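Me: Please take a close look at one part of this model. Start from a single residue and work outwards through its surroundings.

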Amino acid sequence: MQKLHGKRLKINIQKIIHKLYRAANSIFGKIVTFTSPMVVLSLINASCAPILLYGLNAFKLNKSELGKIDDTLNSIFYKLFKVNSKENIRLCQFYFKFLSATYLVKYNMYNFLDGLRKNGDSLPYILLKLY
């Protein structure tokens with residue numbers, strides 16, 4: 001992640017997106033055409049989603065950054081199921097019990113902040129209360 005200049009802290013998630021695509025393409029390159037989509041999604045969930053979500057729970061992401069992350073994860077569904085609408089992608093995610101990237105980021109952020117709250121004497125929690 002690279003810090004961009006300005007009064008607010010912004011992150012450049014382009015390198016993360018490239019790493020995710022590299023990992024996903026290596027999975028797609030090794031699977032056989034008759035492999036179950038459930039197996040592929042399990043591999044994506046185990047190896048690609050952590051690449052995308054690593055460290056993002058410490059940042060407050062704006063809508064455009066969350067949209068980029070969502071589009072990145074949705075592109076895997078486009079490639080796997082050969083669908084071209086966001087509604088169909090949402091249905092695929094629902095039926096395969098795969099949360100969207102926005103929900104995963106927000107869930108991880110909640111767990112991160114809840115962990116800070118439970119450890120009330122930590123420096124990050126004190127700074128969070130001041131923020």
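In which helix does Ala 49 lie?

Reply: Ala 49 lies in helix 2, residues 37-53 (helices are H or I runs of at least four residues in DSSP, strands E runs of at least two, both numbered from the N terminus). The model is predicted, and local features need pLDDT of at least 70, side-chain atom pairs count only at pLDDT 80 or more, and totals for chains, interfaces and linings use all residues. Numbering starts from 1 along each chain as its sequence is written, and side-chain values use heavy atoms, with hydrogens and water left out.

With a relative accessible area of 4%, Ala 49 is buried (under 20%; exposed is over 50% and partly exposed in between, with a 1.4 Å probe and protein chains only). Leaving aside residues up to four places away in sequence, Ala 49 touches Leu 20 and Ile 44 (a contact is heavy atoms within 4.5 Å). Ala 49 and Leu 104 are 55 residues apart in sequence, yet their C-alpha atoms are 8.9 Å apart in space.

Leu 20 leads on to helix 1, where it is one of the buried residues. The others in that set are Ile 16, Ile 17, Ala 23, Ala 24, Ile 27 and Phe 28. They sit on the same side of helix 1, because they cover an arc of only 135 degrees around the axis (taken from the directions from the axis to the C-beta atoms). Lys 15, Arg 22, Gly 29 and Lys 30 are exposed on the other side of helix 1. The buried residues pack against helix 2 and helix 3. Helix 1 has 17 residues, 14-30, and its first and last C-alpha atoms are 25 Å apart, close to the 24 Å expected (1.5 Å times one less than the number of residues).

Helix 3 gives a similar check of length: its 19 residues should span 27 Å, and 26 Å between the end C-alpha atoms agrees with that. The buried residues of helix 3 include Leu 66, Ile 69, Leu 73, Ile 76, Phe 77 and Leu 80, along with Glu 65, Asp 70, Thr 72 and Asn 74. Among the elements that cover them are strand 2 (11-12), helix 1, helix 2, helix 4 and helix 5.

Asp 70 is also touched by Ser 100, a residue in the loop between helix 4 and helix 5 (101-118). Ser 100 is buried at 13% relative accessible area, and Gln 93 is another of its contacts.

Helix 3 and helix 4 are also linked by charge. Two salt bridges are found in the whole structure (a side-chain nitrogen of Lys or Arg within 4 Å of a carboxyl oxygen of Asp or Glu). In one, the closest N and O atoms of Lys 86 and Asp 71 are 3.5 Å apart. Lys 86 belongs to helix 4 and Asp 71 to helix 3, so this pair ties together parts that are 15 residues apart in sequence. Both ends are partly exposed, Lys 86 at 44% and Asp 71 at 40%. Glu 87 forms a salt bridge with Arg 90, at 3.7 Å between the closest N and O atoms. Those two both lie in helix 4, three residues apart, about one turn of the helix. Glu 87 is partly exposed, at 47%. Leu 91, also in helix 4 (residues 86-95), is partly exposed at 37%.
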